[in-house]
Structure formats: C-alpha cells, structure tokens
Protein chains: 2
Amino acid sequence: MERRVNGVPEIVPPGPARPIDEKLAEIPLFAALGRDGLETAVAAGLARRYGAGQIIVHQGDPGDRLFAVLEGLVKVVLTTAQGDVVVLDMLGPGETFGELSVLDGGPRSASVIVVETAWLFSVSRPQLLALMRDHPALADEFLRVLGALVRRLTERAADMVSLDLGGRLAKALLHLAAKHGESGGKVIDRAFTQSDLAAMVGASRPAVNRALAVLAARNIISINGRTIVLKNIAELHRRSVR
Amino acid sequence: MERRVNGVPEIVPPGPARPIDEKLAEIPLFAALGRDGLETAVAAGLARRYGAGQIIVHQGDPGDRLFAVLEGLVKVVLTTAQGDVVVLDMLGPGETFGELSVLDGGPRSASVIVVETAWLFSVSRPQLLALMRDHPALADEFLRVLGALVRRLTERAADMVSLDLGGRLAKALLHLAAKHGESGGKVIDRAFTQSDLAAMVGASRPAVNRALAVLAARNIISINGRTIVLKNIAELHRRSVR
DNA sequence: GGGCCGCTGTAATCCAGCGCACAGCTCTCG
DNA sequence: CGAGAGCTGTGCGCTGGATTACAGCGGCCC
C-alpha cells in the first residue's frame, strides 16, 4: 500500500507498468487522435514517473508543455504572496494540466505537486499544435476540456463566497469521491491530508477537522484515520447547495 | 448624465451613434479579422441596444451566441441555489462574454445584466466557427481571450480565500478603475452600487461601506456619493496582496 | 409639488471560524 | 526497537463580518 509521507521526495525508477499508448487511449483528450495519431503523440511526447512531493511545474515559471496524468495523483496548488496555499484541484488518471501554456504561452498560473507517485505524459506546445493541425478532432476535444475548466473555475469562485465551510467541504468530498473514490464514488482513501482538504476549501486545518466531525456525528460520513466513507450522498448534496 | 435606477428596464431605441464596424475594429478579438473579415462579421452578426436592468443571457439557459460590448456596461452575475448573488465581473466596451457557448455549446454558466445602457454585438456559434476557419488570426485571438479568462478566474478563486475584505475590495477597485475608470484609471463613476461591489467581493453591503470608509479615512480613496477617486494607488496595490 | 423608492451611511448584537496550543496516534527510519 | 516526524483530534480566547435595523437623501413618477 502506498502510504508515503507527504513532502518527502521519493526516487522512482522509470518504466511503465503498461504500454503508454494503451493508457493514453483512455484519456478523452488523446483518444480523439485515433490509432495512428496516438503513435505520433507517443513518439513526440515524454512519459516520466515522479515521486510524491515532487514539483512538476512551478507557479510563475515559463513553460510550454501540456501534461496528462496516466497514473497516480497530483494537486494543483496556488501560493499567494503571503505564502497561503490554495489547492485548486486534485487530478487523477485521465486528467490534464498546463492548458494555459498551450493557449497563450504565458507563465504557469499555479504549481503542480505530486501527491501519490505519478506517471505523467507531456507534449510541448509546438508538438500539440502540430497534432491539432493534423487531427482536428484533438482541437475540438481540447476546446471541450477548456470549457469544462472554465465552468469549474466559475462555479468554484461562486462557491467560495456563497457557501459556508460545511457546504464547501461537502462539495469537495463529493467532487473527490466522484473523481478518485472507490466503491462507486463513496470511499475516499487517498494520500491527501486534512491540511490539503483545508487548502481546498479555504479554511484552517482545525476548522476542517471540526466540520468533518460534525458530518460524522450526523452519520453522513464515517472517518477512520485517513479513510472517509460517504454514507449519505443525498444529504451531502443538500448541504453543498445551501 | 446617465443615472437610471438599477433594476428598472428602460426602452432604448435602436440606432448606432457610430458605425458598427468602426466600434468592432476597436475590439481586440475582432480586430484580428482585418477589413474584409470585419464586414463579413458585421453582416453575419446582430447589433442591438439594451436598457439598464435588462437580462441579456440567463444562467442555465441554452445559448450559442458570443457577445461583444460596443458601448455601455454589463455585469456577469451568478445566482446560487439559495438566491445569493455573486458578481463575477463588470464588462465594458471591447470586452466579450459567452465564450463558453462557443467552446462546448453548453448552458450559460452565468447571467449577464445591463448596468448602463449597452450596445451589444453578437454572432452565433456556427457563424463564429466559419469566421475562424476563414481567418485563423481570429481563432488565435479567441484562444488568447480564453487564456485571460482562465487566468482571471484562477486568480479570483485564490483571492476569495486568501484575502480579507479590505484586500478584496482594494483589488476590485483597482480592477474596476483600470477597466472602466477615467483620468488614467483613478476615478470610478459608473452606475453600479455598493451592493454590486459587495456581490463582487463576497461580503455584505454594510461591510463594504465600512471598508470603503476605512480607506477614505486613511486618505487612500475619496468618496462622493457614487463617485470614488483612487488617491493612493500604490497603497491599494499593497493592500491587495497581503 | 408630494409621495415613493432605492441607495448610502451607521450603530448594536451575535456567532462562525481563526489562531494558537497541546495531547495522542501511527508510520518511518535509523 | 526506540526516536522522531507528521498527522489527527480538541480546547479556548478573540475578532471580523453577518444580520438587523434605522435615519438621511436624492431622483423619479404621478
């Protein structure tokens, strides 16, 4: 069981457990390429393994690569001028980051840090643009991904101001369980801490702990160490909209 | 002087004060079209006037048009399930909205409401896609606009959790003055109220009033009714990052 | 001109969540 | 196997902002 302490880098040898193109074909964005396009992409891109705690891209740095998560878990982190940390999202297999670098080639708007040992695939901006030129379906899919990104950010901006801590936490739990959970999105058992949760919902770590305790007391969730089981999804939904 | 009460619709006759193509050429997105492309766009699109309080697009509705503000002022508003209102942005001449409808054709993620009598230009998704096909520069520019949108939303999400009311207000004032202000971005005198400001920074209206009073007492801004003069821009910047 | 409506300005009360501090637990590594 | 590090769980005082209420004021409309 992968239970590595956060913040401690880990040496991970390269070497895929399964072929790259097989994993890549499961990612919506690249699936649009078709068989031959996938081969071209694999040849053009880079696949690497990263250990927990490693920083993939650093906020503010230049960068022109688009990344896709093949395996593992990474977090998108924004550090404010005062050093406060905001976790924008957790990304698992099939998800991508670095879209902005492709759009305008500007500096990274956030950092991306490995939470669970991750296997990432990346292509450079020129390579991606060339792929898009040859495969218009990839361009369409890319726009779709962008749309989802904008919608999520919009919703999040509103949530941050209109929901109280309990609501934001409920929403975060549902979001995490749906994306990274087991048993049909009911169990969260991944390597992120309450501090990560706190940074996701914009609250202090103790406050999150309390809010979790409240949910557990109402039998809406159950907590066992770092494992959270969602027992009453409907109630969580209700709390995430009021 | 335009000093219409918010929320009260107003009948505004059609009829541009200046030619459409002239205004459109001043908008970065459409400027990429060149002379002949502009004419095509004008022929394909619609130009209309809307009175204060009118709702241009309604959150949740389907919609496939991209809008550009030629004149006036509109606000992008998100209403939560409980009825709380969040103002995402104020858009003036040269700015666009409805990009999402072009990306994925999904429902409107927010409503757009006229604040000051506005003259808007709009094109449908198919028309815009056709224009992009014939004028690749338009597609490039559209991606640039999207990049800016994503960056702004990302920054906003972080601001909402890391800045206190004073900081968020300072940031909002700088943002508004830069976009819609006079005298080199120092004076804000538009038709939006303290309630609008409150919905922008995610606070109650009295709280905003107090925060403004504090800034005025420190001689950082001066307030005269609905007119706000930024007297110490450097100090506002300082407050918007700590 | 008079009444009405909406916006600004301000005061009083209340409470959620923060900051801080500390205890207990578990996993890791020497 | 012992030490240490990092995470979870919890108590306490404090403050910022929400809530509510109300007075003053200026346009707007009849």
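## A walk through a two-chain model

Let's start with chain A, which has ten helices and nine strands. Keep in mind as you look around that this is a predicted model.

How is chain A built overall? A compact globule of 242 residues would have a radius of gyration near 18 Å, and chain A has 18 Å, so the two agree. If you draw a box along the principal axes, the C-alpha atoms of chain A fill roughly 55 × 35 × 35 Å. Of the 242 residues in chain A, 43% are buried. You can also ask how far along the sequence the touching residues sit. Take the contacts in chain A between residues at least 6 apart in sequence: 70% of these join residues at least 24 apart.

Now bring in chain B. In general, two copies of a chain are related by a rotation about an axis and a shift along it. Here, a rotation of 180° with 0.0 Å of shift along the axis lays chain B on chain A, with an RMSD of 0.1 Å. That is what a two-fold axis does. If you want to find the axis in the picture, look for Ala157(B): among the residues of chain B, its C-alpha comes closest to the axis, at 2.4 Å.

Next, where do the chains touch? The contact uses 31 residues from chain B and 31 residues from chain A. On the side of chain B that touches chain A, the elements giving two or more residues are strand 4 (85–91), helix 4 (99–104) and helix 6 (136–162) of chain B. Helix 6 of chain B supplies the largest share, 15 residues. Sorted by class, this side of chain B has 17 nonpolar, eight polar and six charged residues. And what about the other chain's side? Of the interface residues of chain B, 100% are also interface residues in chain A, so the copies meet through the same surface.

Let's zoom in on helix 8 (residues 194–201) of chain A. Is it mostly buried or exposed? Six of its eight residues are buried, so helix 8 of chain A is largely enclosed by the rest of the structure. The buried ones are Asp196(A), Leu197(A), Ala198(A), Ala199(A), Met200(A) and Val201(A). Their cover includes strand 3 (65–79), strand 4 (85–91), helix 7 (165–180) and helix 9 of chain A. Right after helix 8 of chain A comes Gly202(A), which has a positive phi, near 70°.

Over in chain B, six of the eight residues of helix 8 are buried too. Those residues pack against strand 3 (65–79), strand 4, helix 7 (165–180) and helix 9 of chain B. Gly202(B) follows this helix, again with a positive phi near 70°.

Keep following chain A and you reach Asn219(A), in the loop between helix 9 (205–217) and strand 8 (221–224). Its phi is near 65°, a positive value in a residue other than glycine. Asn219(A) has 10 C-beta neighbours inside 10 Å, so it counts as exposed; the cut-off for that label is 12 or fewer. In chain B, Asn219(B) lies in the loop between helix 9 (205–217) and strand 8. Asn219(B) also has a positive phi, about 65°, without being a glycine, and its 10 C-beta neighbours inside 10 Å are why it counts as exposed.

That loop leads us to the strands. As a rule, strands of a sheet pair through backbone hydrogen bonds, either parallel or antiparallel. In chain A, strand 8 and strand 9 (residues 227–230) pair in the antiparallel sense over four bridges. One bridge to look for joins Ile223(A) to its partner in strand 9, Ile228(A). The hairpin these two strands make has two residues between the strands, and in it Gly225(A) takes a positive phi near 65°.

To see a whole sheet, switch to chain B. There, three strands form an open sheet in the order 7-9-8, with antiparallel pairing. Strand 7 (187–188) and strand 8 (221–224) of chain B stand at the edges with a single partner strand each, so one side of each has no neighbour in the sheet. Strand 7 of chain B pairs with strand 9 (residues 227–230) of chain B over two bridges, in the antiparallel sense. Look across from Ile188(B) and you'll find Ile228(B) in strand 9 of chain B.

Note on methods
Residues numbered from 1 in each chain as written. Chains lettered and ligands numbered in written order. Predicted model: local features only at pLDDT ≥ 70, side-chain atom pairs only at ≥ 80, totals over all residues. Pairing = 2+ DSSP bridges. Least-squares fit on C-alpha atoms with pLDDT ≥ 70 in both. Contact = placed C-beta atoms within 7 Å. Nonpolar A, V, L, I, M, F, W, Y, C, P; charged D, E, K, R; others polar. Buried ≥ 20, exposed ≤ 12 C-beta atoms within 10 Å, placed from the backbone. Rg over C-alpha atoms; globule rule 2.2 N^0.38 Å.
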